[in-house]
Amino acid sequence: MPDNFESFIQQHRDAFEVPGPSPRVWEALEKELGGSRKGKVVQLLSKNWFKAAVIAVLLVNAAALFYMTRHKQHQQELANVLPEMQDAKLYYTSRINEKLELINAYPANELGLDSAARQELQLRNDTYKTLENELKNNPGNERIRGAMIRYYQLKLDLLDKILEELQDKHAAPTHLKKRYEAEI
């Protein structure tokens, strides 16, 4: 049986090697398919692009307004609950932001920190948000207050160490060096 099959294939080999449709047929088919690829949404957007742009701008503005209102409301809630924590927050936040500004003045390739590490250096990381939410939910809890203050202090210590190491390894721009030395 295998010999019959093999001999059959050899005898009709030319019949199996029939060329496919010509390239012109494929091009015509691609043109036909390409024309029908646009869906109704794309066709509607191409006709009404200005309306779509206006709607997109309105949605972005609404989202920004919602975010800003919610953020401001959250800040006011925390300030109303714990005015002394608000003072501490302002103090530490300003110092942390100054140090982050000094660190960010260095070129990214000299920092030696990847994007995840740089994001973790920012003040409002996941740990901070968790502590802030806990403080909002439990305003009278001294442990959470202490943890917030400790978080600020540790962040400042870490940023100081990074700045010292950066100044040891790299020549700091003179205006940054004077500013940092004035802080110390």
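In the protein chain, 67% of the contacts (heavy atoms within 4.5 Å) with a separation of 6 or more join residues 24 or more positions apart. The model is predicted, with local features requiring pLDDT of at least 70 and side-chain atom pairs pLDDT 80 or more, while totals for chains, interfaces and linings use all residues. Residues are numbered from 1 along each chain as its sequence is written, and side-chain values use heavy atoms, with hydrogens and water left out.

The secondary structure comprises 11 helices and zero strands, where helices (H or I, at least four residues) and strands (E, at least two) are DSSP runs numbered from the N terminus. Of the 184 residues, 21% are buried, that is, under 20% relative accessible area with a 1.4 Å probe, protein chains only, whereas exposed denotes over 50%.

The largest nonpolar core (buried Ala, Val, Leu, Ile, Met, Phe, Trp, Tyr and Cys residues joined through side-chain atoms within 4.5 Å) has 24 residues, and Ile96, Ile103, Met148 and Tyr152 have the most contacts inside it. At least two residues of this core come from each of helix H6 (83–104), helix H9 (126–137) and helix H10 (142–169). H10 gives the most, with nine residues. Leaving aside residues up to four places away in sequence, Ile103 touches Leu111, Leu159, Ile162, Leu163 and Leu166.

In H9, Tyr128, Leu131, Glu132 and Leu135 are buried. Seen down the helix axis, these buried residues of H9 fall within an arc of 100 degrees (taken from the directions from the axis to the C-beta atoms), so they line one face of the helix. Asp126 and Asn137, on the other side of H9, are exposed.
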